[in-house]
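Colleague: I would like to learn how to read a structure of this kind feature by feature, with the general idea set out before the particular case. Could we begin with the charged side chains?

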Amino acid sequence: MSLVIQQNSWRPAGIAGMDVSGWQPAVNWSAEYANGARFAYVKATEGIGYRSEAFNDQYTGSYAVGMNRGAYHFALPDSSSGTTQANHFVDHGGGWSADGKTLPGALDMEWNPYGATCYGKTQTQLRTWINDFLTQYRSRTGRY
């Protein structure tokens, strides 16, 4: 007996969404919506020195086809404080609005692609950094 799975024939339970960044600069939002995507998280910032050039087009493009959308920040805990990075994020696209279609911002914590494991920080230091980011984000936007 063989099992044949057609492309796009299986989806996990729940609402389908997307994570996009500058690595996908030209998204066909209408096609993604037609294929079932109902929300997108778009990379806005990284550290304190980067704002995605694709952010505006991706953020407004997803919204224009009817998706809910939110922004995310790629953390670089070894370059500045969580508070400083939260401010950069909010100031450059990571805000929130009560329009019923904008999701709260998200913090993208990943294995350090640029150097030392855990950005050279201890578990306690990383926990503090994350807490500082989240506290400042909530202070600025009113959202967790």
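Colleague: How many salt bridges does the structure hold?

Modeller: Side chains of opposite charge can pair when their charged atoms come close. This is a predicted model, and the structure holds two salt bridges. In one of them the side chains of Lys 43 and Glu 46 meet, with 2.5 Å from N to O, and in the other the side chains of Asp 91 and Arg 140 meet at 2.6 Å, again N to O. Because Asp 91 belongs to helix α3 and Arg 140 to helix α4, this pair ties together parts that are 49 residues apart in sequence.

Colleague: Are Lys 43 and Glu 46 buried or exposed, and what is the relative accessible area of Asp 91?

Modeller: Lys 43 and Glu 46 are both buried. Asp 91, by contrast, has a relative accessible area of 48% and is partly exposed, and Arg 140 also counts as partly exposed, at 37% relative accessibility.

Colleague: Let us turn to the nonpolar interior. Which residues of the largest nonpolar core touch the most other members?

Modeller: The idea is to look for buried nonpolar residues that are joined through their side-chain atoms. The largest such core has 19 residues, and Met 18 and Trp 29 are the ones that touch the most other members. At least two residues of this core come from each of β1 (17-20), β2 (39-46), α2 (55-64), α3 (82-91) and α4 (123-141).

Colleague: What is Trp 29 in contact with, once its neighbours within four places in sequence are left aside?

Modeller: With those neighbours left aside, the contacts of Trp 29 are Met 18, Val 20, Ala 40, Asp 57, Gln 58, Gly 61, Ser 62, Val 65 and Met 67. Ser 62 is worth following from the other side, as a residue of helix α2 that counts as buried, at 0% relative accessibility. Not counting residues up to four places away in sequence, Ser 62 touches Trp 29, Ala 40, Met 67 and Arg 69.

Colleague: How should I read the strands, and in which sense do β1 and β2 pair?

Modeller: For each strand one can ask which strand it pairs with, in which sense, and which residues stand opposite one another. β1 and β2 pair in the parallel sense over four bridges, with Gly 17 standing opposite Phe 39 in β2. β1 also has two faces to tell apart, a covered one formed by Met 18 and Val 20 and an uncovered one formed by Gly 17 and Asp 19.

Colleague: Over how many bridges do β2 and β4 pair, and which strand do three bridges join to β4?

Modeller: β2 and β4 pair over seven bridges, in the parallel sense, and Thr 45 has His 73 in β4 as its bridge partner. Three bridges join β4 to strand β5 (residues 106-108), and these two strands run parallel. His 73 stands opposite Leu 107 in β5, so that His 73 appears in the account of β4 once more, and six of the seven residues of strand β4 (residues 68-74) are buried, so the strand is largely enclosed by the rest of the structure.

Colleague: What about the rings: how many aromatic pairs does the count come to?

Modeller: With rings one looks at the distance between centres and then at the angle between planes. The count comes to five aromatic pairs. The ring centres of Phe 39 and Tyr 41 are 6.4 Å apart and their planes stand at 80 degrees, so this pair is edge-to-face. Phe 39 is partly exposed, with a relative accessible area of 25%, and Tyr 41 counts as partly exposed at 21% relative accessibility. Elsewhere, Phe 89, Trp 129, Phe 133 and Tyr 137 form one aromatic cluster.

Colleague: Which charged residues lie over the face of a ring?

Modeller: Arg 69 lies over the face of Tyr 59, at 3.8 Å from the ring centre, and Lys 101 lies over the face of Tyr 63, at 5.9 Å from the ring centre.

Colleague: Finally, what pattern does the protein chain follow when read along the sequence?

Modeller: The protein chain has four helices and five strands, and along the sequence the pattern is β-α-β-β-α-β-α-β-α. Buried residues make up 34% of its 144 residues.

Terms used:
Residues numbered from 1 in each chain as written. Predicted model: local features only at pLDDT ≥ 70, side-chain atom pairs only at ≥ 80, totals over all residues. Heavy atoms only, no water. Core = buried A, V, L, I, M, F, W, Y, C linked by side-chain atoms within 4.5 Å. Buried < 20%, exposed > 50% of the residue type's maximum accessible area, 1.4 Å probe, protein only. Contact = heavy atoms within 4.5 Å. Salt bridge = Lys/Arg side-chain N within 4 Å of Asp/Glu carboxyl O. Phe/Tyr/Trp six-rings, centres within 6.5 Å; stacked < 30°, edge-to-face > 60°. Lys NZ or Arg CZ within 6 Å of the ring centre and 35° of its normal. Pairing = 2+ DSSP bridges.
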